[in-house]
Amino acid sequence: QVQLVESGGGLVQAGGSLRPSCAASGRTFSSYAMGWFRQAPGKEREFVVAINWSGGRQYYADSVKGRFTISRDNAKNTVYLQMNSLKPEDTAVYYCAQANTAVAASNPYEYNYWGQGTQVTVSS
């Protein structure tokens, strides 16, 4: 069974930065794409960013493009989300997910394993 554990969320002021991470175990990490999704109170879960198996290709939601950067360290079985210039509308629970394929995907149906989430709160 694959296990994904997010950490590194927190409370920051608008304009600040956070770098949550996601540690994976249970199957060959480097074979699969990874993604980050988020869910704000009262809203549906939305795609944030994905990264392919090697880290060479990335796909960002328009709302975070230019502010967030995804990366992965396959030697550590870990994916990171560098979040800069945070806005109050970024406030959400952020979920790490592992896809069924090696190709980065924005559709949550492409992901079969999910972490428990880490809270990110951005104050105005």
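In which loop does S85 lie? In this predicted model, S85 sits in the loop between β8 and β9. Its backbone is notable on one count: S85 has a positive phi of about 50° although it is not a glycine. S85 is partly exposed, with a relative accessible area of 41%. N77 also has a positive phi of about 50° and is likewise not a glycine. That residue is found in the loop between β7 and β8. N77 is partly exposed, at a relative accessible area of 28%. The loops before and after β8 thus each come with a residue of this kind: N77 in the loop between β7 and β8, S85 in the loop between β8 and β9.

The overall make-up of the protein chain was examined next. The chain contains zero helices and 11 strands. Its pattern along the sequence is β-β-β-β-β-β-β-β-β-β-β. The radius of gyration is 13 Å. For 124 residues, a compact globule would have a value near 14 Å, so the chain agrees with that expectation. Along the principal axes, the C-alpha atoms fill a box of roughly 40 × 25 × 25 Å. Of the 124 residues, 43% count as buried. The exposed surface of the protein chain is about 6200 Å². Carbon and sulfur atoms supply 46% of that area. Contacts were also sorted by separation in sequence. Among contacts with a separation of 6 or more, 59% involve residues 24 or more positions apart.

One open sheet is built from four strands, in the order β1-β3-β8-β7. Its pairing is antiparallel. Strands β1 (3-7) and β7 (68-73) stand at the edges. Each has a single partner strand, so one side of each is left without a neighbour in the sheet. Neighbouring strands are turned by 15° against each other on average, direction ignored. Within this sheet, β3 (residues 21-25) and β8 (residues 78-83) run antiparallel and are joined by three bridges. At C22, the residue standing opposite in β8 is V79.

C22 also takes part in a disulfide. How many disulfides does a search of the whole structure find? The search finds one. The disulfide joins C22 to C96, with an S to S distance of 2.0 Å. The link is left-handed, with -75° about the S-S bond. C22 lies in β3 and C96 in β9, so the pair ties together parts that are 74 residues apart in sequence. Are the two cysteines buried or exposed? Both C22 and C96 are buried.

Strand β9 (residues 92-99) also holds Q98. Q98 is buried, with a relative accessible area of 1%. Where burial is called, the cut-off is under 20% relative accessible area, so Q98 at 1% falls under it. Neighbours within four places in sequence were left aside in listing its contacts. The remaining partners of Q98 are V2, L4, R27, F29, Y32, A33, M34, Y111, N112 and Y113.

A further set of pairings centres on β5. Strand β5 (residues 46-51) is mostly covered, with five of its six residues buried. On one hand, β5 pairs with β4 (residues 34-39) in the antiparallel sense, over five bridges. In that pairing, E46 of β5 is the bridge partner of R38. The two strands form a hairpin with six residues between them. In the turn, G42 has a positive phi of about 75°. On the other hand, β5 is joined by three bridges to β6 (residues 58-60), and these two strands also run antiparallel. Here the bridge partner of A50 is Y59 in β6. The hairpin of β5 and β6 has six residues between the strands. In this second hairpin, G55 takes a positive phi near 95°.

Technical notes:
Residues are numbered from 1 along each chain as its sequence is written. This is a predicted model: local features need pLDDT of at least 70, side-chain atom pairs count only at pLDDT 80 or more; totals for chains, interfaces and linings use all residues. Side-chain values use heavy atoms; hydrogens and water are left out. Two strands pair if DSSP finds at least two bridges between them. Axes are lines fitted to C-alpha atoms, for helices over the stretch in contact, and angles run from 0 to 180 degrees between N-to-C directions. The radius of gyration is taken over C-alpha atoms; the globule rule is 2.2 Å times the number of residues to the power 0.38. Buried means under 20% relative accessible area, exposed over 50%, partly exposed in between (1.4 Å probe, protein chains only). Contact means heavy atoms within 4.5 Å. Accessible areas come from the Shrake-Rupley method with a 1.4 Å probe; for residues, only the protein chains shown count as cover. A disulfide is a pair of cysteine sulfur atoms within 2.5 Å.
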